[in-house]
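I opened this structure to look up a few points and note them here. My notes follow in the order I took them.

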Amino acid sequence: MRRVKFGVGKQRKFLNLIIEKLNAPSLRGLLQFGFSVPYSTLKNYYNESRLLPEDFFKDLCGVAKVDEGELRFEFVEGNFGQVRGGRIGKRKD
């Protein structure tokens, strides 16, 4: 599964744009539009702890009528960061 990678601080701006376009009262208000994402995961996306999955990103753009072409982002593969994390996590015996 591919993920959407924004620049630093841009993922939060994207989610704020979606909230504004949908006239949702808050981040939690996005859940009323039928997204099957737990609120804690939404918070992780908002805090940029996690990258947005491609399908969720496309759903958000579709519901809020945001043109993907106007946004600056890139797709990264699902295993993004795993190799580096594996190297960092190795034990020295």
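**Naming.** I take helices as DSSP runs of at least four residues (H or I) and strands as runs of at least two (E), numbered from the N terminus. With that naming, I looked just past H1 and found Asn23 with a positive phi of about 55 degrees.

**Confidence.** I note first that the model is predicted. Its mean pLDDT is 87, and 88% of the residues reach 70 or more. Where is confidence lowest, and where is it highest? I found the low end in helix H4, residues 82-88, with a mean of 66, and the high end in helix H2, residues 39-46, at 94. Where pLDDT is low, predicted coordinates should not be read in detail.

**Overall layout.** I counted four helices and three strands. Along the sequence they run β-α-α-β-α-β-α. The protein has 93 residues, and 30% of them count as buried. I also looked at contacts with a separation of 6 or more: residues 24 or more positions apart account for 66% of them. The accessible surface comes to about 6,600 Å², with 46% of it belonging to carbon and sulfur atoms.

**Helix H1.** H1 covers residues 10-21, which makes twelve residues. From first C-alpha to last it reaches 16 Å, close to the 16 Å expected at 1.5 Å a residue. Which residues of H1 are buried? I listed Gln11, Phe14, Leu15, Ile18 and Ile19. Viewed down the axis of H1, these buried residues fall within an arc of 140 degrees, so they line one face of the helix. On the other side of H1 I found Lys13 and Glu20 exposed. I then checked what covers the buried residues of H1, and the cover includes E1, H2, strand E2 (52-53) and H3.

**Salt bridges.** Side chains of opposite charge can pair when their charged atoms come close. How many salt bridges does the structure hold? I found two.

One salt bridge joins the side chains of Arg2 and Glu54, at 3.0 Å from N to O. Arg2 sits in the segment before strand E1 (3-5) and Glu54 in helix H3 (residues 54-64), so this pair ties together parts that are 52 residues apart in sequence. I checked accessibility for both partners. Arg2 is partly exposed, with a relative accessibility of 32%. Glu54 is buried, with a relative accessible area of 18%; I record that this counts as buried because the cut-off is under 20%.

Glu68 and Lys58 form a salt bridge as well, their closest N and O atoms being 3.6 Å apart. This pair links distant parts of the chain, with Glu68 in the loop between H3 and strand E3 (74-76) and Lys58 in helix H3, ten residues apart. Are Glu68 and Lys58 buried or exposed? Glu68 is partly exposed, at a relative accessible area of 26%. Lys58 also counts as partly exposed, at 36% relative accessibility.

**Asp59.** My last lookup was Asp59, which is in helix H3. At 42% relative accessibility, Asp59 counts as partly exposed. How far apart are the C-alpha atoms of Asp59 and Phe35? I noted a separation of 8.5 Å for these C-alpha atoms, with the two residues 24 apart along the chain.

How values were computed: Residues are numbered from 1 along each chain as its sequence is written. This is a predicted model: local features need pLDDT of at least 70, side-chain atom pairs count only at pLDDT 80 or more; totals for chains, interfaces and linings use all residues. Side-chain values use heavy atoms; hydrogens and water are left out. pLDDT is the predictor's confidence in each residue, from 0 to 100. A salt bridge is a side-chain nitrogen of Lys or Arg within 4 Å of a carboxyl oxygen of Asp or Glu. Buried means under 20% relative accessible area, exposed over 50%, partly exposed in between (1.4 Å probe, protein chains only). The expected span of a helix is 1.5 Å times one less than its number of residues. The arc is that of the directions from the helix axis to the C-beta atoms. Contact means heavy atoms within 4.5 Å. Accessible areas come from the Shrake-Rupley method with a 1.4 Å probe; for residues, only the protein chains shown count as cover.
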